[in-house]
Amino acid sequence: GALRGAGPGLGARCPTALSQASRCPRGSVTARGWSRGPLTAYMPEATAFPGPKDHQGLYKVSVEQGDAFWGVLGRSRLTWITPFHCVQDCSLREGRAAWFLGGQLNVAVNCLDRHVHVAPDKVALIWEKDEPGEEVRVTYRELLELTCRLGNTLKRQGVKRGDRVIIYMPPCPLAVASMLACARIGAVHAVVFAGFSAESLADRIQDGKKTVITVNQGLRGGKVIELKKMVDEAVKQCPGVKRVLVSMRTDNKVPMTALDVPLEEEMIKEDACCEPVAMDSEDMLFLLYTSGSTGKPKGLVHSQAGYLLYAALTHKYVFDYQDGDIFGCMADIGWITGHSYVVYGPLCNGGTTVLFESTPVHPNPGRYWETVERLKINQFYGAPTAIRLLLRYGDEWVKKYDRSSLKVLGSVGEPINKEAWEWYFRVVGEARCPIVDTWWQTGICISPRPSNPGDEILPGMAMRPFFGISPCLLDDKGNVLLENNISGALCISQAWPGMARTIYNDHKRFLETYLTPYPGFFFTGDGVYRTNEGYYQLTGRLDDIINISGHRLGTAEVEDVVNHHVAVAESAVIGYPHEIKGEGAYVFVVLKKDSGYTQETLTAELRELISKKIAKYAAPEYVTHRLPKTRSGKIMRRVLRKIVEDKASELGDLTTLDDHEAVQQIIEGRKRLVEGQRSR
């Protein structure tokens, strides 16, 4: 019942698809990694560039000879139906980015068919279900068949090339097959995190989408999530929807409507061969929606070849992924991290990837590490939010389990504070696993690895740009800052294959957000400090810079100090208008269990700690005990900012908010704190 009618074992019987596959899908990806071996073992394509002798030399080629570098890698790492004739046509100043022009390929063929040729029974997916010990392994042959049956089902239901398909499913093999089936037939998928409300889902179904794929119910953290019910409510607001394909994740029957199609029943009727469509390199592969402070969510557009190549390369080299490794990214497939490092990157590389359906604390705080022991995970990729959460429970839950299989630990989503980094490194990784603290722009752009063998990794710092990424620091007037030991706005001076192409149906907004602020540069919105050694340390969003009495201070810097307090598990620092200083610091904290601290005592100690570690001017005016988060665990900083600015009526889109009660408590708490301050 795990795959519900997937019919594993029939294999791939699609001669056209298989004839297009590379005879050696992993032949050019057998690099021994950044930790050992000569350059040609690290990257076989390095033979095309006679100059570089090490990683730094190869990086220099990637930036200074971008056409040659990406051209060689594009030809060797991807399987093409029609070869490309031009590597790139990009101008950040003109808002144009196009890669591998003239080329045609199919992403599903690159992720499945070519691997089925040489290793059909290799495990592609390990579905780590909500309850531990119930994992399901799916081979490349089985995943290809599942994808083909689903692709044929979609076509029979009327889905055509270019159509947009909403996928509202928890992490499971059928969700991955749904993404790949869309790619196979030329449809565009838009995966929505299977925890969003009906209202949020409805916002994302707009833009002319006619097809939704979902499950009857989801399971997460021991709780049943009524996903089909959410879809029913959302569809009432979306008259354009023509069909809802419903898979059975649980045995519980749910009410069906006239739009509903029982997915497994239809898939079993279909053939296990589905002809892949030849897609142009710059055709849309998927849309991914992000919430904004105002208005409807924006759909970022990702294209075919450039995205796939970049996801595969970063997966391979940032994590030193080797053939046979078990890659464990804990992100939900509803986020870009899940797209790139649960699905497309690992599968393009012919790897084995974990689909984690549960939470870090179900059924107990040892869940991650029990999973590492049982599945023998080699690379573990998690979020600082989860690491800080687990830190609260102490070392025992970690040390209870064997983590000797771990080789690399990754951090994603936000800068990781030093206390969490040290705990992650020394306790989880036993001081033997390098930590790759990754900074993103729709893919990993800065990370400690890859680098030359033996190069240092510093705590809480992303450090080094990836191949082809050329970071620049700019000041408030748009001047490029060339020196080290300086802070500025982090921009990227060259287009790269994995960047988002536009905002769906709103290219003007894309230009205004990313390319207009600093003409000729891609503006990331982040501030960064470049050290004397030339390493990059993220200091937080530029709108998270506080100017206190003329002193510019990154909120991440203050948070790092706050998080060192013995009672604090997590924090967020927000600047707010101050009558005398211009801006003051407002600290929101989550306390560790049974900390025993009162509001007054904690505030006094944090003020003293920050005064000592940074400066007296940085001491916070207010401290309160609550944090609003999204369902994926990210702190909603814009909500905090509105509250401290006394603009609670302008909170904007809250569809991703996990706990609405938290916001109300923060609003009330702020009022009490302000009143108390005035009375003193």
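**Exercise 1. Determine whether H339 is buried or exposed in this predicted model, and describe its surroundings.**

Solution.
Step 1. The relative accessible area of H339 is 0%. Buried means under 20%, so H339 is buried.
Step 2. H339 belongs to helix α12, which covers residues 336-348.
Step 3. With residues up to four places away in sequence set aside, H339 touches M179, H189, V191, F286, L288, Y307, I333, G334 and Y344. Three of these contacts, F286, Y307 and Y344, return in the next exercise.

**Exercise 2. Classify the ring pairs that Y344 forms with F286 and with Y307, and state which elements they link.**

Solution.
Step 1. The structure holds 33 aromatic pairs. In one of them, F286 and Y344 lie 6.3 Å apart, centre to centre, with 5 degrees between the planes, and the pair is stacked.
Step 2. F286 is in strand β14 (residues 284-290) and Y344 in helix α12, so this pair ties together parts 58 residues apart in sequence. Both F286 and Y344 are buried.
Step 3. For Y307 and Y344, the ring centres are 5.8 Å apart and the planes stand at 85 degrees; planes over 60 degrees apart count as edge-to-face, so this pair is edge-to-face.
Step 4. Y307 lies in helix α11 (residues 305-318) and Y344 in helix α12, so that distant parts of the chain, 37 residues apart, are linked. Y307 is buried, as is Y344.

**Exercise 3. Place β14 in its sheet, and explain why β12 and β26 each have a side without a neighbour.**

Solution.
Step 1. The open sheet has eight strands in the order β12-β11-β8-β6-β7-β14-β15-β26, with mixed pairing.
Step 2. β12 (260-262) and β26 (502-503) stand at the edges and each has a single partner strand, so one side of each lacks a neighbour in the sheet.
Step 3. In the order of the sheet, β14 stands between β7 and β15. Strand β7 (residues 188-191) pairs with β14 in the parallel sense over two bridges.
Step 4. Opposite F286 of β14 stands H189. Both H189 and F286 are among the contacts of H339.

**Exercise 4. Identify the strands that are bridged to β18, and state how the residues of β18 point.**

Solution.
Step 1. Strand β16 (residues 326-329) is joined to β18 by three bridges, and the two run parallel. The bridge partner of G328 in β18 is F380.
Step 2. Strand β19 (residues 408-411) also runs parallel to β18, with four bridges between them. Here Q379 has V408 of β19 as its bridge partner.
Step 3. Within β18 (residues 379-382), Q379 and Y381 point one way, whereas F380 and G382 point the other way; all are buried.

**Exercise 5. Establish how many residues of helix α16 are buried, and what covers them.**

Solution.
Step 1. Helix α16 spans residues 418-428, and eight of its 11 residues are buried.
Step 2. The buried residues are E419, A420, W421, W423, Y424, F425, V427 and V428.
Step 3. Their cover includes α13 (367-375), β18, α14 (384-391), α15 (396-399), β19 and β20 (435-437).
Step 4. After α16 comes E430, whose phi is positive, near 55 degrees.

**Exercise 6. Name the residues that touch the most other members of the largest nonpolar core, and some members of the second core.**

Solution.
Step 1. The largest core has 144 residues; W70, L143, Y344 and L347 touch the most other members.
Step 2. Beyond neighbours within four places in sequence, L143 is in contact with L112, A124, L125, V138, P173, V176, A177, L180 and L347.
Step 3. A second, separate core of 33 residues includes I377, F380, F425 and I435. Of these, F380 lies in β18 and F425 in α16.
Step 4. In soluble globular proteins, nonpolar side chains tend to be buried together.

**Exercise 7. Decide whether K223 is buried or exposed, and where the model calls for caution.**

Solution.
Step 1. K223 is in strand β10 (residues 223-225). Its relative accessibility is 60%, and exposed means over 50%, so K223 counts as exposed.
Step 2. The chain averages a pLDDT of 88, and 91% of the residues score at least 70.
Step 3. Over residues 1-36, however, the pLDDT is below 50, although this stretch has 107 contacts in the model beyond near neighbours in sequence.
Step 4. Where pLDDT is low, the predicted coordinates should not be read in detail.

Definitions and conventions: Residues are numbered from 1 along each chain as its sequence is written. This is a predicted model: local features need pLDDT of at least 70, side-chain atom pairs count only at pLDDT 80 or more; totals for chains, interfaces and linings use all residues. Side-chain values use heavy atoms; hydrogens and water are left out. Buried means under 20% relative accessible area, exposed over 50%, partly exposed in between (1.4 Å probe, protein chains only). Contact means heavy atoms within 4.5 Å. Rings of Phe, Tyr and Trp (its six-membered ring) pair if their centres lie within 6.5 Å; planes under 30 degrees apart count as stacked, over 60 as edge-to-face and the rest as tilted. Two strands pair if DSSP finds at least two bridges between them. A nonpolar core is a set of buried Ala, Val, Leu, Ile, Met, Phe, Trp, Tyr and Cys residues joined through side-chain atoms within 4.5 Å. pLDDT is the predictor's confidence in each residue, from 0 to 100.
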